[in-house]
Amino acid sequence: MMLEHAVLRVRPGEESAFEESARTALPIIESAPGCRGAEFRRQAEDPSLYLLLVRWDSVEVHMAFRQTVLYAAWRELTHPFYVGALEVTHFHDPIER
């Protein structure tokens, strides 16, 4: 499994509207084939900075999602709030203890 990590800067003053839209968007991404769950987290030090974590079966599954109507709906709900470029990376499973 892969963990998508995206740092998202939201326009200051639009955090509440973004969070409302994000609540609608989460079920969309979670319905995508190969998605195993998603969440947004708001940073304590900067209320306009969010972290998106999405668990995917693979990077390829995530990239395939970006070519779907589900992604178009996700993007319409979330991307209008972002400032600047998104930083999206993928992480492998946790290191075993």
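Student: Which residues form one aromatic cluster in this chain?

Tutor: The model is a predicted one, and its aromatic rings can be approached through the pairs, since a search of the whole structure finds seven aromatic pairs. Beyond the pairs, one aromatic cluster is present, and its members are Phe18, Phe40, Tyr50, Trp74, Phe81 and Tyr82.

Student: How are the rings of Phe40 and Trp74 arranged, stacked or edge-to-face?

Tutor: The ring centres of Phe40 and Trp74 are 5.8 Å apart, and the angle between the planes is 10°. Planes under 30 degrees apart count as stacked, and the Phe40 and Trp74 pair is accordingly described as stacked.

Student: How many residues apart in sequence are the parts that the pair of Phe40 and Trp74 ties together?

Tutor: Phe40 belongs to strand E2, whereas Trp74 belongs to helix H3, which covers residues 69–78. Both Phe40 and Trp74 are buried. Because one ring sits in the strand and the other in the helix, the pair ties together parts whose separation in sequence is 34 residues.

Student: Why is the pair formed by the rings of Trp56 and Phe65 called tilted?

Tutor: Trp56 and Phe65 are both buried, and the centres of their rings lie 5.3 Å apart. The class depends on the angle between planes, with under 30 degrees counted as stacked and over 60 as edge-to-face. The planes of Trp56 and Phe65 stand at 40°, so this pair is tilted.

Student: Where in the chain is Ser48 placed, and is Ser48 buried or exposed?

Tutor: Ser48 is found in the loop between strand E2, residues 35–42, and strand E3, residues 49–56. Its relative accessibility is 7%, and the cut-off for the lowest class is under 20%. Ser48 therefore counts as buried.

Student: Which residue's side chain makes a polar contact with the side chain of Ser48?

Tutor: Leaving aside residues up to four places away in sequence, Ser48 touches Leu8, Arg9, Val10, Pro12 and Glu15. A polar contact at 2.5 Å joins the side chain of Ser48 to that of one residue in this group, and that partner is Glu15.

Student: How far apart in space are Ser48 and Arg36, C-alpha to C-alpha?

Tutor: In sequence, Ser48 and Arg36 are separated by 12 residues. In space, the separation taken from C-alpha to C-alpha is 26 Å.

Student: Which residue meets Arg9 in a salt bridge, and how many residues apart are the two?

Tutor: Side chains of opposite charge can pair when their charged atoms come close. The side chain of Arg9 meets that of Asp46 in a salt bridge, with 2.8 Å from N to O. Arg9 lies in strand E1, residues 2–9, and Asp46 lies in the loop between E2 and E3, so that the bridge links distant parts of the chain. The partner is Asp46, and the separation in sequence is 37 residues.

Student: What relative accessibility do Arg9 and Asp46 have?

Tutor: Arg9 is partly exposed, with a relative accessible area of 34%. Asp46 also counts as partly exposed, and the value for Asp46 is 21%.

Student: Which residues are linked with Arg42 in a network of salt bridges?

Tutor: The side chains of Arg42 and Glu19 meet in a salt bridge at 3.2 Å, N to O. This pair links distant parts of the chain, since Arg42 is in strand E2 and Glu19 is in helix H1, residues 15–30, with their positions 23 residues apart in sequence. Arg42 counts as partly exposed at 42% relative accessibility, and Glu19 counts as partly exposed at 21%. The residues linked with Arg42 in the network are Glu19 and Arg23.

Student: What pattern does the chain follow when read along the sequence?

Tutor: The chain contains three helices and four strands. Read along the sequence, these elements follow the pattern β-α-β-β-α-α-β.

Student: What radius of gyration does the chain have, and what would a compact globule have?

Tutor: The C-alpha trace spans about 40 × 35 × 20 Å along its principal axes, and buried residues make up 37% of the 97 residues. Among contacts between residues at least 6 apart in sequence, 70% join residues at least 24 apart. For 97 residues, a compact globule would have a radius of gyration near 13 Å, and the chain agrees with that value, at 13 Å.

Note on methods. Residues numbered from 1 in each chain as written. Predicted model: local features only at pLDDT ≥ 70, side-chain atom pairs only at ≥ 80, totals over all residues. Heavy atoms only, no water. Buried < 20%, exposed > 50% of the residue type's maximum accessible area, 1.4 Å probe, protein only. Contact = heavy atoms within 4.5 Å. Polar contact = N/O pair within 3.5 Å; in protein donor to acceptor, adjacent residues only side chain to side chain. Salt bridge = Lys/Arg side-chain N within 4 Å of Asp/Glu carboxyl O. Rg over C-alpha atoms; globule rule 2.2 N^0.38 Å. Phe/Tyr/Trp six-rings, centres within 6.5 Å; stacked < 30°, edge-to-face > 60°.
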